[in-house]
Amino acid sequence: QRRPNGEISNPLKNLITKMRDEQQHLGPKTACYELGITGPDFDLPLYNVADENRRMAGPCLSHVSFKLYDGHVHLSALYRSHDYRHKALGNLLGLARLQACVANEVSAPIGTLVVFSTYAWVSGSKTPLRQLLKTIRSFEDEKEAS
């Protein structure tokens, strides 16, 4: 990422360096690291705003937040919209890999991964989802009957 003064900045590298430094100096103290809204050193560009070929406005992933809590690296992610049939599994895998990378870089175990979707949907045919819900409801009915 290029800063206004022309200097190149790597927000993820800066975040890892800060986490590593604070972990060494503060021990197991809780700390929070944001990517997305905290300024030029930690703002992680998720797409090229100059790309005129986008059919949808902005990226689905809006914000990620790393926490160093109880010696573990925890990650929370905020999605503005999420297609749970075609995109969620790949998104979760990518976030888990990002979390593992950061945890590895700061020599800390992986903690929880939490994903918030402000708008979520299942695209395509609803038949498999309806069948799944029917099966779950039948288990609930059996449990209530016993």
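# A walk through the chain, starting at serine 107

Serine 107 has a relative accessible area of 65%, which makes it an exposed residue, since the cut-off for that label is over 50%. The model in which this value was computed is a predicted one. Serine 107 sits in the loop that joins helix 2 to strand 5, and it comes after helix 2. Its phi is positive, at about 55 degrees, although the residue is not a glycine. That is worth a remark because most residues other than glycine have a negative phi.

Aspartate 70 offers a second case. Its phi is also a positive value, near 55 degrees, and aspartate 70 is likewise a residue other than glycine. Where does aspartate 70 lie? It is found in the loop between strand 2 and strand 3. These strands form a hairpin with two residues between them. With a relative accessibility of 55%, aspartate 70 counts as exposed.

Now for the whole chain. The chain contains three helices and six strands. Read from the N terminus, the order of the elements is α-β-β-β-β-α-β-β-α. There are 146 residues in the chain, and 23% of them count as buried. The accessible surface amounts to about 10000 Å², with 56% of it belonging to carbon and sulfur atoms. If one takes the contacts between residues at least 6 apart in sequence, 61% of them join residues at least 24 apart.

The hairpin around aspartate 70 can be followed into its strands. Strand 2 covers residues 61–69 and strand 3 covers residues 72–79; the two pair in the antiparallel sense, over eight bridges. One of the bridge partnerships links phenylalanine 66 with leucine 75 of strand 3. In a regular strand, side chains alternate between the two faces of the sheet.

Phenylalanine 66 also appears in the largest nonpolar core, which has 16 residues. Which residues have the most contacts inside this core? They are Met19, Val64, Phe66, Val73 and Val102. Helix 1 (11–26), strand 2, strand 3 and helix 2 are the elements that give two or more residues to the core. Valine 102 shows how some of these parts meet: leaving out residues up to four places away in sequence, valine 102 touches Leu12, Leu15, Ile16, Met19, Phe66 and Val73.

Helix 2 runs over residues 88–105, 18 residues in total, and reaches 26 Å from its first C-alpha to its last, close to the 26 Å expected at 1.5 Å a residue. Its buried residues are Ala88, Leu95, Gln99, Val102 and Ala103. Why do these residues lie on the same side of helix 2? They cover an arc of only 100 degrees around the axis, and this puts them on one side of the helix. Leu89, Arg97 and Asn104 are exposed on the other side.

Among the buried residues of helix 2 is glutamine 99. Its relative accessibility is 2%, so it counts as buried, the cut-off being under 20%. Apart from neighbours within four places in sequence, glutamine 99 is in contact with Phe66, Val73, His74, Leu75, Ile110, Gly111, Thr112 and Leu113.

Histidine 82 belongs to strand 4 (residues 82–83). Is histidine 82 buried or exposed? At 2% relative accessibility, histidine 82 counts as buried. Not counting residues up to four places away in sequence, histidine 82 touches Ala88, Asn91, Val115, Ser117, Tyr119, Ala120 and Trp121. In sequence, histidine 82 and threonine 118 are 36 residues apart, but their C-alpha atoms are 8.1 Å apart in space.

Valine 115, one of the contacts of histidine 82, is placed in strand 5 (residues 110–117). It is partly exposed, at a relative accessible area of 23%. Beyond its neighbours within four places in sequence, valine 115 makes contact with Ala77, Tyr79, His82, Leu92 and Leu95. Valine 115 and alanine 88 are 27 residues apart along the chain, and 9.9 Å separates their C-alpha atoms.

Last comes helix 3 (residues 127–145), with 19 residues that should span 27 Å at 1.5 Å a residue; the end C-alpha atoms are 27 Å apart, which agrees. How many residues of helix 3 are buried? The number is zero, so helix 3 lies largely in the open.

Methods:
Residues numbered from 1 in each chain as written. Predicted model: local features only at pLDDT ≥ 70, side-chain atom pairs only at ≥ 80, totals over all residues. Heavy atoms only, no water. Helix = DSSP H or I, 4+ residues; strand = E, 2+ residues; numbered from the N terminus. Buried < 20%, exposed > 50% of the residue type's maximum accessible area, 1.4 Å probe, protein only. Contact = heavy atoms within 4.5 Å. Expected span 1.5 Å × (residues − 1). Arc of directions from axis to C-beta. Pairing = 2+ DSSP bridges. Core = buried A, V, L, I, M, F, W, Y, C linked by side-chain atoms within 4.5 Å. Areas by Shrake-Rupley, 256 points an atom, 1.4 Å probe, with all protein chains shown as cover.
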